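Visitor: I'd like a quick tour of this one, please. Could you bring it up on the screen?
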Amino acid sequence: MAQALAVETHGLTKRYSTGVLAVNNLDLRVRAGEVYGFLGPNGAGKTTTLRLLSGLLHPTSGSAIVAGAMPGSPASLARMGAMVETPAFYPYLSGRDNLRVVARYAGVPTSRIEPVLKLVDMTDRARHKFKTYSTGMKQRLGVAAALLKGPDLLILDEPTSGLDPQGTIEMRALIKELKQGGRTVLLSSHLLNEVELTCDRVGVIAKGKLVAEGTVDELRARSGGSALLIRATPLDQAQRLVESLVPGQVRVDGDTLLLSVDPSQAASINRRLVADGVDVSELRVSEQSLEDVFLELTETSNSPHRDPPPQAGEGKDQSAAAGKTP
Amino acid sequence: MIASLRAESIKTRKRWANWILFGILLAWILLLTYLTFFLVVTLSPKSIQGPVPASVLKRRLFPENFVPSVLNAASSIGAAITLIFGALSTASEFGWLTVQTILIQKPTRSAVLGGKLLLLGVATLLLSVAMFAATALASYAAVTLDGSSSAWPAWEVILKGFGALVLQLTVWTMFGAFLGIAFRSAAAAIGGGLIYLFVAEALVGGLFRNTPVVKEVLKFLPGINADAINVAFPVTIRDSTASTQLVSAGRGVVTLLVYLVVFTALSLLIWQRRDVGGS
């Protein structure tokens, strides 16, 4: 049975009047109830996409359904909360008054304000003016405003941007907490570990195009998944030997060999190396980091001619040519 | 729209800049228009007084002339202040990026702006009441201090005068709001609006008033039409200058109403269609 989608786009494209193609034929599917990480380098088109989904921008072509309705329609806005780019509030109003303004626009009772302030740990500072807030407090107030409607879909654009390490940890914990109760969270970020720690599935965008989508493990698998790392002396002798065992699956990275083979072959490979007089000082399974995957995917997207991105789980035969050891 | 109106009321009430603007306007009327003029006319030696006696000049400040006095203030400082008020209200949303915050709440874009413009209209109406009341009180104080007597204008004149005041100030407020949306910058909107008001229309229009082509253009400008309405409320101490006006008071009213509709419609059109954020 097909899972319900909180966000669905078809060929969504945005070309600005300046000629910049910010989002290019984007097909995005965010399932209801998941934390979806929207990953991409700066300038990849993440914020433009979120603005399109929020109805702040009009698409050049393509369509989208957000929370069951057209982006920017009252039906869609009523079921979504968003913090797009910078948390923007009235500097002369207190945090609490800013939320009162938002609550009135949204048509929600002001009794919702105190619970969301408590949730983001801003109750004590709510009476102070917004212009006196630190970056972390502004971010938290932005999340509080997005939560006022009790939305089914929460869109957060780089919510840990500008936060100190403690604030980052707290924000991640909050995002995980927000997922409870079946809420969908669409989280954009250029921070790989943030996405890895908080998201169920990830979409990678580069130059306005979705270049990969899947779970973190699926993305790793796409780019070669795990590998055997061997540190041995002499290295050239070890390389010749393993190439005869697993042809085409070996590459040299510094003073180590990386073998794209099933890790269960580690014992037999080790026996052959030792039997041929090679000193093996290290042999272990090397998990490819999300960073490797990200770099590979976004660098690949710079190629002038590309095929459409494969679906999640496809492309396991791609070699991790651009990968690096952890 | 009601949700937007309620939200706007918090923002407008708690913004100090608005109170400062309104304070400047009322202070201008009370201190410059009334107090300073009263003191100069009352205390200046007879040797430097002009051909018109001080006792006659002072009648400009008395209740019989409070309607033309307040309309005179409306066409100069009142226009500038309400233009700034309207421009600040809309342009600041772009400057602070709060336009993003308010447009991702529940109401449609037109409802959000509709509430904002409605609130601007209500605030301008309240400002008009304050201006009218302050001017009436000042005129009463002037005649009382002078120990003279002066009759209040007829109710009909007062009501028409109040209507003229509200119409003019609302047009300038909406002009400011339109400029704020068009320029998305408070500085550009206020600068552009004031330059239009005091340089393009008042100064250039005044200098080239008798040039046939310019004269035809001037007939369609809001300031000229507002002035045409104002001279329909003449000061009692001199003849009406109605004959020197380019258009009649009736046409002035119609033209200002058209401007009100045009500024509102253009604001809605741009607000509805414009992308928010991005390059």
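Guide: Sure. One definition before we start: two strands count as paired if DSSP finds at least two bridges between them. Keep in mind too that this is a predicted model.

Visitor: Okay, hairpins then. Which residue takes a positive phi in the hairpin of S1(A) and S2(A)?
Guide: Strands S1 (residues 5-15) and S2 (residues 21-26) of chain A pair in the antiparallel sense, over 3 bridges. One of the partnerships puts A:Lys14 with A:Val23 in S2(A). Between the strands sit 5 residues, and the one with a positive phi, near 100°, is A:Gly19.

Visitor: What's the strand order in the open sheet of 6 strands?
Guide: The pairing in this open sheet is mixed. Its edge strands, each pairing on one side only, are S6 (80-83) and S10 (209-214) of chain A. Neighbouring strands are turned against each other by 15° on average, direction ignored. Reading across chain A, the order is S6-S7-S8-S4-S9-S10.

Visitor: In S10(A), which residue is the bridge partner of A:Ala206?
Guide: S9 (residues 201-206) of chain A and S10(A) run antiparallel, with 5 bridges joining them. For A:Ala206, the partner in S10(A) is A:Lys209.

Visitor: What angle does the direction of H1(A) make with that of S7(A)?
Guide: H1(A), which covers 46-54, packs on the sheet and touches S4 (35-39), S6, S7 (153-157), S8 (184-189) and S9 of chain A. Another helix, H5(A), lies across S6 and S7 of chain A, running at about 165° to S6(A). For H1(A) against S7(A), the angle is about 150°.

Visitor: Are H3(A) and H5(A) roughly parallel or roughly antiparallel to each other?
Guide: Two packed helices are described by the angle between their axes and the distance between the axes. Here the axes of H3(A) and H5(A), the latter spanning residues 135-147, come within 10 Å and cross at roughly 30°. Angles under 35 degrees count as roughly parallel. The two helices, H3(A) and H5(A), are therefore roughly parallel.

Visitor: And which residues of H5(A) does H3(A) meet?
Guide: H3(A) passes H5(A) in a right-handed crossing. By class, the contact has 5 nonpolar, 2 polar and no charged residues. H3(A) brings A:Gly95, A:Asn98, A:Leu99 and A:Val102, and on the H5(A) side they meet A:Leu141, A:Ala144 and A:Ala145.

Visitor: Which helix gives the most to the side of chain A that touches chain B?
Guide: There, 32 residues of chain A are in contact with 26 residues of chain B. Elements giving two or more residues to the chain A side are H1 (46-54), H2 (74-79) and H3 (95-106) of chain A. That side divides into 21 nonpolar, 6 polar and 5 charged residues. With 7 residues, the top contributor is H3(A).

Visitor: How far apart are the centres of domain 1 and domain 2 of chain A?
Guide: The domain assignment gives domain 1 as 5-220 and domain 2 as 226-286 of chain A. Taken over C-alpha atoms, the separation of their centres is 45 Å.

Visitor: Last one: in S13(A), which residue is the bridge partner of A:Leu229?
Guide: S11 (residues 227-233) of chain A runs antiparallel to S14 (residues 279-286) of chain A, joined by 7 bridges, and there A:Leu229 stands opposite A:Arg284. S11(A) is also joined by 3 bridges to S13 (residues 256-259) of chain A, again antiparallel. In S13(A), the partner of A:Leu229 is A:Leu258.

How values were computed
Residues numbered from 1 in each chain as written. Chains lettered and ligands numbered in written order. Predicted model: local features only at pLDDT ≥ 70, side-chain atom pairs only at ≥ 80, totals over all residues. Domains from an automatic or database assignment. Contact = placed C-beta atoms within 7 Å. Helix = DSSP H or I, 4+ residues; strand = E, 2+ residues; numbered from the N terminus. Nonpolar A, V, L, I, M, F, W, Y, C, P; charged D, E, K, R; others polar. Axes fitted to C-alpha atoms, helices over the stretch in contact; angles between N-to-C directions. Parallel < 35°, antiparallel > 145°, perpendicular 65-115°, else oblique. Left-handed = near helix turned anticlockwise from the far one by under 90°.
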